[in-house]
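Colleague: I have a new model open and would like to practise reading it with you. Could we begin at the surface and then work inward?

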Amino acid sequence: MGRRADKVTVMAARPTWKGFLKISLVNIPIKVFPATESSGTIAFNQLHGECQTRIQQKRWCPRCNREVPNSEIVKGYEFEKGRYVIMSDEDFDKVRPESTRVIDLVQFAEDSAIDPMYVDRTYYLAPDGGMASEAFSVMRDGMKGKVGVGKLALYGREYLVAVRPHERGIVMHTLHHAAEIRTIDAVEELSSVPDKVKPEEIKLAKQVIETFAAPLNLADYKDEYREGLQRIIEAKIAGEEVVAPATEAPPKVVNLMEALKKSLDAVSTTKKKPAKATAEKPVAARRKRA
């Protein structure tokens, strides 16, 4: 009997909200989908080690020495050490924008103009309904090589966004404002970094870097830490103990030129060796003795 191939079921993405993409006088009904997911993160609960009961976190006032209910919680802004101005819901309502669900693009620039440091989250945009598909396609192709910047008022907040074409669709990035980005001058340790370096060291560094040059595919990179944690969790559930391989600390760089030369030699030696099948990671598991 032939082996039955297992079918892989791909769950259809669900929109998180609907709205309009506005470019001048053009309004396109759209659906917005998250482009990333956090399901790859392994979540842990805090337990009391003695009885393995989940820990409860309570809002505690150290001055009144009692737990404080939500009805007594207010928001305060510390304008001086230990001094706060209290903000009510009415205060927030005075500046809270109405949720228009309109991505209003007001400027276009070259697609390389957005520094990756400003990107917060990424979403996919898709047309909402067949009538919107043609206008969506036209504006997507019209934006080729460009990025549109604008604002989005949603859930009582105003977001700075960037929109650009991506494959068959359009992606939207929510952006940090410039005031949220720390300047590199704030890192005092960088003041000791020399402005000039030796040309021969740069030449060797470029040679080492070039040996690692290859077409980039981020799908080749896996979350090895998460996979390792998952193996340990599964082994512990099965009553097994996982023994991790010994690790060695990397040697300190004493002589930069010597380290660069050794790096080149190591890469050259590796490339001369015949290719071998990739073995599984040396994580041994043995069952606990009763």
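**Reading the surface and the core**

Modeller: Happily. The chain exposes about 25000 Å², with 54% of that supplied by carbon and sulfur atoms. Keep in mind that this is a predicted model.

Colleague: Which residues make the nonpolar surface patch?

Modeller: Ile184, Val187, Leu190 and Val193 make it, and the patch covers about 350 Å². Ile184 sits in the loop between E13 and helix H3 (199-211).

Colleague: Why does Ile184 count as exposed?

Modeller: Exposed means over 50% relative accessible area. Ile184 has 61% relative accessibility, so it counts as exposed.

Colleague: Now inward. What share of the chain do buried residues make up?

Modeller: The cut-off for buried is under 20% relative accessible area. Buried residues are 16% of the 290 in the chain.

Colleague: How many helices and strands are there in the chain?

Modeller: You will find five helices and 15 strands. As for how they connect, take contacts between residues at least 6 apart in sequence: 64% of these join residues at least 24 apart.

Colleague: Let me try one helix. What span does H2 reach, and what is expected?

Modeller: From first C-alpha to last, H2 (residues 130-142) reaches 19 Å, close to the 18 Å expected for its 13 residues at 1.5 Å a residue.

Colleague: Which residues of H2 are buried, and what do they pack against?

Modeller: Ala132, Phe136 and Arg140 are the buried ones. The buried residues of H2 pack against four strands: E2 (26-34), E10 (119-127), E12 (157-166) and E13 (169-175).

Definitions and conventions
Residues numbered from 1 in each chain as written. Predicted model: local features only at pLDDT ≥ 70, side-chain atom pairs only at ≥ 80, totals over all residues. Heavy atoms only, no water. Helix = DSSP H or I, 4+ residues; strand = E, 2+ residues; numbered from the N terminus. Expected span 1.5 Å × (residues − 1). Buried < 20%, exposed > 50% of the residue type's maximum accessible area, 1.4 Å probe, protein only. Contact = heavy atoms within 4.5 Å. Areas by Shrake-Rupley, 256 points an atom, 1.4 Å probe, with all protein chains shown as cover. Patch = residues over 30% accessible without salt bridge, like charges linked within 9 Å, V, L, I, M, F, W, Y side chains within 5 Å. Salt bridge = Lys/Arg side-chain N within 4 Å of Asp/Glu carboxyl O.
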